[in-house]
Each structure stands twice: as C-alpha cells, then as structure tokens.
Amino acid sequence: MYKSFQQHLCEELSAIREAGLYKEERIIVSPQSSSIRVSSGKDEQQVINFCANNYLGLADNQELVAAAKQRMDMRGYGMASVRFICGTQDTHKELERAISDFFGTEDTILYASCFDANGGLFEPLLTEEDAIISDALNHASIIDGVRLCKAVRYRYKNGDVADLEEQLKKAQAQRFRIVATDGVFSMDGNVCPLDKIYALAKKYDALVMVDESHSAGVVGSTGRGVTELYNLRGQIEIITGTLGKAFGGSVGGFTTGKKEIIAMLRQRSRPYLFSNSIPPMIAAAGVRTFELLSRDNVLQDRLHENTRYFVSRMQQAGFDIKPTQSAICAVMLYDARLSQEFAAALQQEGIYVTGFYYPVVPKGEARIRVQLSAAHTQNHLDRGIAAFVKVGKKLGVLKG
C-alpha cells in the first residue's frame, strides 16, 4: 500500500516545489532575539531578525530566564500529568491570577497552546441549538475549534460590521450566539473593530470572543490588547491568547473571561482535560512577565515608536504596505515565487524575514510579513529599510 501512497506524496511535493510554494526551515543557533545566528549546516550568519513574534523582546530576557531556572530547581522539570489528576501546582494558579489581573477578567484557564485554547473553546459551551459567527480571516485554530462544535456556523467578511449584522440577524434563529474574531489579524496586521462588534453583540444578544494572540502586549496604550484600545477592558466575555508571542515567546495558551465560562471549560474542554500541564518553569517565567509589564510601559512605548518609524519609512520608499495598527508590517509582493526570492536576497543582506504565500495567505496575496520588536534598535531598523530598498530595486519591485 505505501508504495502507491509514497508515489502520490512525491508527486504532490514536487508540484508544491514547482509552484514555488515549498517551505524550507532555517536553523537558528542562538537565543531568539532581535539579532540571531542562523546555520546552513556549513556556515553561520549573523542576521537582524524581523520575523519573530517577539514583540516586546522578552524571548531572551534574563529576568524570565532566571525565574524559569529558579522554579525548575524548586518544582522540578515537568508535571507528567493533566491538571485535574495531579498536574496543578501553585505556580499554575499564580499565572492564571496574573493573566486575569492583566486583562481585567474574572478567571483564567491555561492550555498547552492557544491553538488548544481555541480548539477546546466552542464544543464545551455550545450545541446544535446555538450559533458561532466567525470573521472570514480568523486564525486556523479558531476555524478548527468551530469545526469541532455542532453549533450552526455563520461567517462574515473581515472586519465588515455591516455583514456581521446581517449574519447576526440570521443567527437569531438559534438559542445562544458567539461572535468570534482575532484581535489582530496576523497576516495583514489590522485590528478588529471591536467597539462596533461589541455594540452589535449587545443589540443582537450575542457573546463576544477575541483571540488576543497578536494584540496582547502590543495594542493599547499599556499593551492590554484590543479591549484596552477600545475601552472595553473587562467587558468581553471570552479572550484567548498565548505566552508564545509578546509574553516571553515560550509555549502555553489561555482562555480568560467570565468565571462560569472558565469553570465549564475546566470540566469539559478536551485539550485541557487530556493534555499535560505546562511545565512549572514556563509558568514561573509567565508570572514574571506580567510582573515586568506591570512596572512601566517602556517596552510598549518603544515598540510603538519602532513600528511607526519602520512603516512610515517603508511607505516613503514606495513599498505597498497593508494598513496596520499593530506591530505587523505586511509588505505586499503578490507573487509567491517573488516573495521567496525577495526573502532569500534579504538574508544575503543580513536581514531575516519569511515570504508568506498560499495556503497561508490567499492566492495572489503573497507578501513578506515584517514583525517589529521593542528589542530592535534604530540601527536595526535603518539597516532593514536600506536592505528592502536595495533588494526591491534589484528585483523590480521598486523603480529606480
């Protein structure tokens, strides 16, 4: 059987390569940071990193490293259990309280990842009597979570509140309704119109769920995310997020919100019930992250300034940039093969980025997604912009 299946796989992989869609992994041989070393297997190269989710530059923060080391000495390496059997330590409860305090919510539940948080969210709460109204560009984890649920599904155009209202009208046929949206849409960098979504949810008697993975730590004057940006902190029923981006760049996800919702997830959410607890050292570093972010807004302010500077200079240079309110700058190239050639040429210039193309983004929408960090210096930004301009002219993206 495998010989024929193997042939099928080889043909599919060959077609992916020929279409310029094959994804290669590059090896990092340093800590994750604004500047990293990558290896080809023979040689190493120092590059400026513009494609990590390390928005606040905390992935190699020594306070977090020290907290993780200390807690590993105190509480061991791993839990070897799920939470409700013998996998709950005091550190997990500390982190849940810290997350709730940060977002102004009633309670929090931890997961191994935000993919698990979203995948395990809808099925425990809704039945075939209910409805989910989901943004068309929501993350794959939300889409998969919706698929695992028997609720009636509605979809509205990205950020289109008029279309959302039409879907909410249709969903009045169901018992309960949840509007699900990303806070920041990771491929474009745009922020959801949460104020308008919330107003429509109140009008049509719906709950609201927001995935803050790319917005928490980034959006809002103190980085509390889109609920802070729209002055809705503590009013949204369900927020999901990750520790794997702005909050230290490690692993672990969470759902935070109304206490009864969190209580039901503890009883019935399958990824929570059947996955090991996150390691104590990860939880401890998470606690320290929220302590650090409560001290001041230095990192958020630096990130916001870096983003403003980079985006404005790239636009002045003539690049086609998606409108953004986050730390994501989508440099539109439209052609998949070009996006790979552009990224490879930038690496030769010491700039580390990735070309995104179908199926990660729609066909004909290939791009390079630049992600800014508080750890980037003025020199990093200027070198990155200069390299983009040089390669852009070389490959005919820019004139002159």
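Start at the loop between helix H2 (62-75) and helix H3 (83-86), and select Ala80, which lies in it. This is a predicted model. Ala80 is not a glycine, yet its phi is positive, at about 55 degrees. Is Ala80 buried or exposed? With 71% relative accessibility, Ala80 counts as exposed.

Next, select Phe84 and Gln267 together. The two are 183 residues apart in sequence, but their C-alpha atoms are 9.1 Å apart in space. Gln267 has its place in helix H10, which covers residues 259-268. Its relative accessible area is 58%, so Gln267 is exposed, the cut-off for that word being over 50%.

Now go to Asn231, in the loop between helix H9 (226-229) and strand E9 (238-242). Asn231, also not a glycine, has a positive phi of about 55 degrees. Asn231 counts as exposed, at 65% relative accessibility.

For a buried residue, select Asp130. It sits in the loop that runs between helix H5 (114-119) and strand E5. How much relative accessible area does Asp130 have? The value is 0%, so Asp130 is buried, since the cut-off for buried is under 20%. Show the residues around it: leaving aside those up to four places away in sequence, Asp130 touches Leu125, Ala151, Val152, Gln174, Arg175 and Phe176. Which backbone atom should you pick out in this group? Choose the backbone nitrogen of Phe176, which lies 3.1 Å from a polar atom of the Asp130 side chain.

Stay in this part of the chain and select helix H7, residues 161-170. Begin at its N-terminal end, which Asp160 caps. The cap can be seen as a side-chain oxygen of Asp160 lying 3.1 Å from the backbone nitrogen of Ala162. Then colour the buried residues of H7: Asp163, Leu164, Glu165, Gln167 and Leu168. What covers these buried residues? The cover includes three strands, E5 (131-135), E6 (152-156) and E7 (177-182), together with helix H8 (194-203). Strand E5 has come up before, as one of the two elements on either side of the Asp130 loop.

Move on to Pro359, in the loop between strand E13 (355-356) and strand E14 (366-371). Which kind of peptide bond joins Tyr358 and Pro359? The bond is cis, with omega about 10 degrees.

Finally, clear the selection and view the whole chain. It has 15 helices and 14 strands. The radius of gyration is 22 Å, close to the 21 Å given by the globule rule for 400 residues, so the chain is as compact as a globular protein of that length. Turn it along its principal axes: the C-alpha trace spans about 60 × 55 × 55 Å. Of the 400 residues, 54% count as buried.

Contacts can be displayed next. Among those between residues at least 6 apart in sequence, 69% join residues at least 24 apart.

Switch to a surface view to finish. The accessible surface comes to about 18400 Å², and carbon and sulfur atoms hold 50% of it. Colour the charged side chains as well: there are 47 positive and 46 negative ones. How far apart do the centres of the two sets lie? They lie 1 Å apart.

Key:
Residues are numbered from 1 along each chain as its sequence is written. This is a predicted model: local features need pLDDT of at least 70, side-chain atom pairs count only at pLDDT 80 or more; totals for chains, interfaces and linings use all residues. Side-chain values use heavy atoms; hydrogens and water are left out. Helices (H or I, at least four residues) and strands (E, at least two) are DSSP runs, numbered from the N terminus. The radius of gyration is taken over C-alpha atoms; the globule rule is 2.2 Å times the number of residues to the power 0.38. Buried means under 20% relative accessible area, exposed over 50%, partly exposed in between (1.4 Å probe, protein chains only). Contact means heavy atoms within 4.5 Å. Accessible areas come from the Shrake-Rupley method with a 1.4 Å probe; for residues, only the protein chains shown count as cover. Lys and Arg count as positive and Asp and Glu as negative; His and the chain ends are not counted. The place of a charge is taken as NZ of Lys, CZ of Arg, CG of Asp or CD of Glu. A polar contact is a pair of N or O atoms within 3.5 Å; within protein, one must be able to donate a hydrogen and the other to accept it, and residues adjacent in sequence count only if both atoms are side-chain atoms.
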